[in-house]
Amino acid sequence: MTLHILTEDHYLDFLQPVEDNQQNKTVHAARLHTGQPGEQVFVCKLLLPNAFELGNEAIAHYLARRASVPSPPEAAIVHMPARIASQRIPLSISQDYENAEGDVVMWCTKKLPYRSIRATFRAAADRTSATMRILKSESGRRMAAFDHLTGHADRHDGNYLWAGRDECVAIDNEALFGYSDWRAAPLAFATQNQLLEEMRRQVVGGSERADSLRDLQSGMVFYGESHSAAVQSAQSEISKLITLLYGAHAATNVLTCLHTRSAADWMKSELGLI
Amino acid sequence: MTNLRALRQLAPQPANKAVEGLAYLVTYKPDATAPQAFIVGVIVQAGNNLQDCGYRVLQDISKFKCIYGHRIAQDDVEWALDELTLRIAHAAKSHIPASQWQLGSANFRIETGRYTSGPSIEALVSRAFEHAVVLAPSQHEKRFNSHGTASVRHQVAERLKMLAGVHYERFAVDGIPFEFNNRRGLYDVTHFGAGQVATVISGWSRSIQTLRTTLWHATADVSTCARAHQAEAGIFILFPTESPGIPEASWERMVEFVTDESAKLEGSSDMRVVAMPTPDELAVQVWEWYEPLIAHG
């Protein structure tokens, strides 16, 4: 869960756009200098500089692997002046990505090992059955539990990748904490776990048996038991970065929320199993 | 307000960016009427006047053979890539952006330049080539070193001529004829004389299946020949001491197979089985087996 903080001095090569009908048209592959040996190819995207999405990505990155959720092992934040970005990245970069100081910021995750063609597939062809299959796998249940912990409000089928048969990797974690702005005020939001909701819909519609929902919920409770340790382990890194970017009160808001949601029996209670 | 500039204090040592420029990929369509195109080269230009230019074009065309088989002539591919290299070499002196170069062929295209940076032009060319030209043999790929039986026999024979001198012709053979039920043939053996028959084979195989087949054929020929001529049999195998570029698990199975087969043959049929890693060492072993009987017999 290494998170590199880099600048234009570390952006070595623009490799190519990564086209996947995504809303964010700045997604591209680049080679970054992280000081680590080996191939350092990252998938990069520009983020709105004055919003909290950057913080959400970083929080999720620090937490995910500690909660045993399959996710990219390395990530980087790259900060550079917008005029340099426009010279190096030949994509149409909206002015929205530039802040008042004339800077842009990118969130980059290390390219996943290419184990199968599915490593690049999003579950688009048969969305529902693909999602159901993922939710019956260990990695899917871990991801669903993680989304409940972090209040991920946008886990549609474009926000995880298939890394093999019934195996997924969580990406695009901009929408944590119910998409609430945690910078100014303590967090209070209603959890909207899209994966869990999808399973409920399928059970109600008769496409899935009630057992499947119960199994998913049991899995979420089981994997949720490791969340407290994950939050404890990640809190100093989260606190350091969020304080630097947004101030100490923002870090307090985020960590208070995470501690509450990782407490013993919280998941059970949330899922109505107590 | 997000304090993005504060991030910069956490950034590590900058990369060596002595050279900044554009990297261009060169694509090749072996058949200009078909859609398949392959990246076969890279060009990197840097400097205010594009005075720094480096390039590399694919030299090893073996993977085209894998893809196309006999559908295109390999000579044509080789010639086309040679011609491409010459044209790039000429254009590189022009100080014109590579995107404007005219290669004069519908088979080649220079893609849009992309930002690149690093310590030197050579390093950038090498990095871009390794990343983009997947038809080039990988530098990380340990290549299989092949030693066919014919080549091993030739090398052993050359060394044996020196060791045995005038005695060489007394036991070196190119097969021993047999006749059975009006059928004529040759036992595939390499040495015969003084009541001993031997064969030299190569055990440098990519797979245990090939090794098995080679060893079992050799065993059958040399043991049948030995029985027919009431001679002692010997098998001399060139066998490496470390993996010749094959996966470790396959290599371990091959070592186990040779060890087991040697023990079985020596134990059950008194066959002499010798495995050595070089043709020279194998020749010494062959000569040591024959010498007492040939030179002093």
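Two strands are said to pair if DSSP finds at least two bridges between them. With that in mind, this tour moves through a predicted model, beginning with a sheet in chain A.

**The sheet**

Select chain A and display its strands. An open sheet of 6 strands appears, in the order 1-5-6-4-3-2, and its pairing is mixed. At the edges lie strand 1 (2-7) and strand 2 (11-17) of chain A, each of which pairs on one side only. From one strand to the next, the twist averages 30°.

**Two helices on the sheet**

Next, select residues 53-64 of chain A, which form helix 1. This helix packs on the sheet and touches strand 1, strand 4 (41-47), strand 5 (74-81) and strand 6 (103-110) of chain A. The direction of helix 1 makes about 25° with that of strand 6 of chain A.

Now turn to chain B and select residues 121-132. This is helix 3 of chain B, and it also packs on the sheet of chain A, where it touches strand 2, strand 3 and strand 4. Its direction makes about 30° with that of strand 2 of chain A.

**Strand 1 and its partner**

Return to strand 1 of chain A. How many of its residues are buried? The strand is mostly covered, with 5 of its 6 residues buried. Strand 1 and strand 5 of chain A are parallel and are joined by 6 bridges. To see one place where they meet, select Leu3(A), which stands opposite Ala75(A) in strand 5.

**Strand 2 and its partner**

At the other edge, select strand 2 of chain A together with strand 3 (residues 28-32) of chain A. These two strands run antiparallel and are joined by 5 bridges. Tyr11(A) is a useful residue to label here, as it stands opposite Leu32(A) in strand 3 of chain A.

**Lys110(A)**

Select Lys110(A), which belongs to strand 6 of chain A. Is this residue buried or exposed? Its relative accessible area is 19%, and the limit for a buried residue is under 20%, so Lys110(A) counts as buried. Leaving aside residues up to four places away in sequence, Lys110(A) touches Glu39(A), Gln40(A), Val41(A), Phe42(A), Pro72(A) and Glu74(A).

**The cysteines**

Select Cys108(A) and Cys44(A). Their sulfur atoms are 3.0 Å apart, and that of Cys44(A) is the nearest cysteine sulfur to Cys108(A). A disulfide requires sulfur atoms within 2.5 Å, and Cys108(A) is in no disulfide. Over all chains, the count is 0 disulfides. Cys108(A) is buried, at 0% relative accessibility, whereas Cys66(B) is exposed, with a relative accessible area of 66%.

**A loop residue**

Select Ser68(A), which lies in the loop between helix 1 and strand 5 of chain A. With a relative accessibility of 39%, Ser68(A) is partly exposed. Add Tyr223(A) to the selection: the two residues are 155 residues apart along the chain, and their C-alpha atoms are separated by 8.6 Å.

**Where the chains meet**

Finally, display both chains. The contact takes 35 residues from chain A and 23 residues from chain B. Between them the two chains bury about 2,700 Å², of which 57% is on carbon and sulfur atoms. How many salt bridges are there between chain B and chain A? The count is 4 salt bridges. To end the tour, select Arg8(B) and Glu8(A), whose side chains meet in a salt bridge with an N to O distance of 2.7 Å.

Note on methods
Residues are numbered from 1 along each chain as its sequence is written. Chains are lettered from A and ligands numbered from 1 in the order in which they are written. This is a predicted model: local features need pLDDT of at least 70, side-chain atom pairs count only at pLDDT 80 or more; totals for chains, interfaces and linings use all residues. Side-chain values use heavy atoms; hydrogens and water are left out. Helices (H or I, at least four residues) and strands (E, at least two) are DSSP runs, numbered from the N terminus. Axes are lines fitted to C-alpha atoms, for helices over the stretch in contact, and angles run from 0 to 180 degrees between N-to-C directions. Contact means heavy atoms within 4.5 Å. Buried means under 20% relative accessible area, exposed over 50%, partly exposed in between (1.4 Å probe, protein chains only). Buried area is the accessible area (1.4 Å probe) that two parts lose on being put together, summed over both.
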